[in-house]
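Student: I'd like to go through this model and ask where its labels come from. Could we take them one by one?

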Amino acid sequence: MNDATDTADGTRALVEDTRSLVDGTRGLVSQIIHGSFVDGHGVRTTVFLKGCPLRCLWCCNPEGQDRGREIKYTSAHCTGCAKCVPVCPRAAISLETEPDGSTRARIDRRLCDDCGRCIEVCYLGALDWFGKYYTVDELFAEVKKDEKFYSASGGGVTVGGGEPTLQPSFLRRFLKKCREAYIHAALDTCLYTTTDEGVRALEEADLLLCDIKTLDPEQHLRATGKRNDVILRNLRHLSARGKPMIVRIPLIPGHTDSPENLRAVIELLCTLRSIERVDLLPVHEYG
Ligand code: SF4
Ligand code: SF4
């Protein structure tokens, strides 16, 4: 196959990927964790959808922020065979000599456009995709494997991210599937969604695990890249609808942990109904 054919195939695949994400027939999942005890009631299967509208300074999962698939490089699996170097159309890969004399690939992320060609020649799995596409049925089949644990523990599925409402159509289809199977479905959300469909997804979940970081809009902007007006509007709207919520306040030194901020957040929460619980999360437990 020549370069032009490769490029045409790559472009077609990218268009197809983008179309399926927009129409919600497929979702981009960065990780699935089975048997979690920390993402809601009982035993949970936690699905992480890729992409987040916030850029929190303390984010523990920065590789989940981008909406698209990305190249994942695991240096421990790299033998320095150099097969990936000549196939990269953007000359983003070089080989570097380690202090022990071994060679390893190095990717210049500023040049890489995530075309994926290097993955095809890396037989040792040092290069792979971060983010995998699932149809609703495929994802549902994966979480259904744990169904007996849900019924025994009062658990279910938790969809987080990133921010799950960034893939609202796929998310709503998945929630519907869970609802039809009587599987409890929670969302782990920052509540930052500006689309009607994103808000509908929040309304349709059985439980929301939501972060409230700071009530100061300027501080929120500095710490996350967004003001908090959308988040607070959604919080009040969902509370007015009686949506069960567990609110988490991350205690980030210098950003969210001042007594004034904590008092203001608690005072706000006291005016709302449907808040089941408030958790204070020390920074080492956050993420
Ligand atoms: S092809 Fe894979 S194993 Fe070989 S140098 Fe590239 S990343 Fe390393
Ligand atoms: S994904 Fe494409 S551009 Fe990025 S390093 Fe691999 S071959 Fe190069």
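Tutor: Sure. Start with the domains: their bounds come from an automatic or database domain assignment. Keep in mind that this is a predicted model.

Student: What are the domains, and how far apart do their C-alpha centres lie?

Tutor: The assignment gives domain 1 as 3-68 + 132-285 and domain 2 as 70-130. Their C-alpha centres lie 31 Å apart.

Student: What makes a residue count as being around ligand 1?

Tutor: One of its heavy atoms has to lie within 4 Å of the ligand. The residues that pass are Tyr73, Cys78, Thr79, Gly80, Cys81, Ala82, Cys84, Ala105, Cys122, Ala126 and Leu127.

Student: How does that shell divide into nonpolar, polar and charged?

Tutor: Nine nonpolar, two polar and no charged. Gly counts as polar in this scheme, so Gly80 goes in that class. Thr79 is polar too, because Thr is on neither the nonpolar nor the charged list.

Student: On to the sheet. What makes β7 and β12 edge strands?

Tutor: Look at the order first: eight strands run β7-β1-β2-β8-β9-β10-β11-β12 in an open sheet with mixed pairing. β7 (132-135) and β12 each pair on one side only, and that makes them the edges. From one strand to the next, the twist averages 30°.

Student: Why do β8 and β9 count as paired?

Tutor: Pairing takes at least two bridges. Strand β8 (residues 156-160) and strand β9 (residues 185-189) have three, in the parallel sense, so they qualify. As one example, Val157 has Ala185 in β9 as its bridge partner.

Student: Which helix packs on the sheet, and which strands does the helix touch?

Tutor: Helix α4 (residues 136-144), which touches β1 (26-36), β2 (44-49), β7 and β8. The direction of α4 makes about 95° with that of β7.

Student: Why is the pair Asp188 and Arg248 called a polar contact?

Tutor: The cut-off is 3.5 Å between N or O atoms, with one able to donate a hydrogen and the other to accept it. The side chains of Asp188 and Arg248 are joined at 2.6 Å, so the pair passes. Asp188 lies in strand β9. Beyond four places in sequence, Asp188 touches residues including Asp39, Thr158, Gly161 and Leu209.

Student: What about Asp279: which side chain is its polar partner, and at what distance?

Tutor: Arg277, at 2.9 Å. That is within 3.5 Å, so the same cut-off is met. Asp279 sits in strand β12 (residues 275-282). With neighbours up to four places away left aside, Asp279 is in contact with Ile246, Val247, Arg248 and Ile249.

Student: What is unusual about the backbone at Gly161 and Gly162, and at Ala91?

Tutor: I'd just give you the values. The peptide bond from Gly161 to Gly162 is cis, with omega near 10°, and Gly162 is in the loop between β8 and α6 (168-180). Ala91 has phi near 50°, a positive value in a residue other than glycine; Ala91 is in the loop between α2 (84-87) and β4 (93-97).

Student: Last one: which residues does Leu166 contact beyond four places in sequence?

Tutor: Gly51, Cys52, Pro53 and Arg67. Leu166 is also in the loop between β8 and α6, and its C-alpha is 8.3 Å from that of Lys50, 116 residues apart along the chain.

Definitions and conventions: Residues numbered from 1 in each chain as written. Chains lettered and ligands numbered in written order. Predicted model: local features only at pLDDT ≥ 70, side-chain atom pairs only at ≥ 80, totals over all residues. Heavy atoms only, no water. Helix = DSSP H or I, 4+ residues; strand = E, 2+ residues; numbered from the N terminus. Contact = heavy atoms within 4.5 Å. Axes fitted to C-alpha atoms, helices over the stretch in contact; angles between N-to-C directions.
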